Amino acid sequence: MDSVAQVLRNHPNAYVIGGGSNILLVHDLDRVVLINKLRGIEIKHLAHDKILVKAGAGVIWDDLVDFCVSKSYYGIENLTAIPGSVGAAPMQNIGAYGVELKDVFLELKAMHRETQEIHIFTTQDCQFGYRSSIFKNHLKDQYIITEVSLLLSKEKSLNTSYAPVNMAVEKLSKEASISDVRDIIRDIRWSKLPRPSKLGNAGSFFKNPIISKSLFSDIQKKYPSIPSYPALNGIKVPAGWLIEQAGWKGKKIGETGCHQKQSLVIVNYGEATGEEIYNHAVKVQASIESMFNIELEMEVNIVGGI
Ligand code: EPU
């Protein structure tokens, strides 16, 4: 950890990345880039079938899921195959198939960039929200996450609330195990989402917007089949559905476009620059705004200035 502090003292403006899977580099950076490689997984058995799993922020997230599934530690199997590192997981409160990181989160350690002091953040301190945390808001660029602790369960408990997961579990001829769920999630994920190693992408490019009930019922009059989910302060609608209605699904423009199976993912067919991808995203945003009066918020971190 001393060496991280030393690098920060020498390069106070260093840009820190984990796996780099949720950033769009729009221009070259003229500063040092630090890749977080803090490794290591530790466990501590607690009372009541609980297990504390502590991982270095540089551990590959899916390696941690593998480890926990192999030991039958329940809680993160639905977060299978999410690209990126452990340190990035709380940053944006990763979520998929009915589970969010905050559901299993205990605390994290982070180094303050200016003082190089290590601080502990509990769930409450992190102010988790939908794809957000204090590290994307008030404390943006102020801390480097070094270690994340999760509270998992040794007692069997699987979340099959997401309809396609439930259907796949029902089809099994036996009771689903934790590794069955991991396999099912992996299959669902890769049936819709392009693998970043094969086709450049950063997952969902936009957040699913939460809109007012009155705007929702206006849209529903014209599009009765619009999917929706209840949300705290309104109604959440899938951005992928809106983008598809606007005609962007599978449309290739130059070397970029919205993916053919999941419009929410903007892909790089090979040679698109970060700026071209960003410009495409802005066009998509403008068309959703004019068609539905909904402002889409980018979920991917735009790096390098616009
Ligand atoms: N849909 C369309 N057209 C599309 C895409 C989706 O009509 O092109 C519809 C689907 O039919 C479905 C609804 O939109 O009715 C929702 O689609 P899906 O279940 O694929 O999920 P999503 O809301 O598009 C979110 C997360 C994903 C996560 C999945 C599964 C966000 C921004 N994205 O996508 O997370 O894997 O749910 O839980 O919340 C990521 O964050 O990078 C990511 C991939």
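This is a short tour of one sheet and several salt bridges in a predicted model.

**Stop 1: the sheet**

Select strands 4, 5, 10, 8 and 9. These five strands form an open sheet in the order 4-5-10-8-9, with antiparallel pairing. Strands of a sheet pair through backbone hydrogen bonds, either parallel or antiparallel.

Now look at the two edges. Strand 4 (41-45) and strand 9 (118-122) stand there. Each has a single partner strand, so one side of each is left without a neighbour in the sheet. Direction ignored, neighbouring strands of this sheet are turned by 20° against each other on average.

**Stop 2: strands 5 and 10**

Select residues 50-56, which make up strand 5. How many bridges join strand 5 to strand 10? Seven do, and the two strands run antiparallel. To find one pairing, select L52 in this strand; the bridge partner of L52 in strand 10 is L151.

**Stop 3: K109 and E147**

Stay with strand 10 and select E147, then add K109. The two form a salt bridge, with the closest N and O atoms 3.7 Å apart. K109 lies in strand 8 (residues 105-112) and E147 in strand 10 (residues 143-153), so the pair ties together parts that are 38 residues apart in sequence.

Is E147 buried or exposed? E147 is buried, with a relative accessible area of 19%, because buried means under 20%. K109 counts as partly exposed at 28% relative accessibility.

**Stop 4: K102 and D103**

Select K102 and D103. Their side chains meet in a salt bridge, 3.4 Å from N to O. K102 is partly exposed, with a relative accessible area of 34%. D103 is also partly exposed, at 46%.

**Stop 5: E244 and K249**

Move on to E244 and K249. Here too the side chains meet in a salt bridge, at 3.1 Å from N to O. What is the relative accessibility of E244? The value for E244 is 37%, which counts as partly exposed. K249 is partly exposed as well, with a relative accessible area of 31%.

**Stop 6: a network**

Last, select D62, D66 and R182 together. These residues are linked in a network of salt bridges. Side chains of opposite charge can pair when their charged atoms come close.

The count for the model comes to 11 salt bridges, including the K109 and E147 pair, the K102 and D103 pair and the E244 and K249 pair.

Notes: Residues are numbered from 1 along each chain as its sequence is written. This is a predicted model: local features need pLDDT of at least 70, side-chain atom pairs count only at pLDDT 80 or more; totals for chains, interfaces and linings use all residues. Side-chain values use heavy atoms; hydrogens and water are left out. A salt bridge is a side-chain nitrogen of Lys or Arg within 4 Å of a carboxyl oxygen of Asp or Glu. Buried means under 20% relative accessible area, exposed over 50%, partly exposed in between (1.4 Å probe, protein chains only). Helices (H or I, at least four residues) and strands (E, at least two) are DSSP runs, numbered from the N terminus. Two strands pair if DSSP finds at least two bridges between them. Axes are lines fitted to C-alpha atoms, for helices over the stretch in contact, and angles run from 0 to 180 degrees between N-to-C directions.
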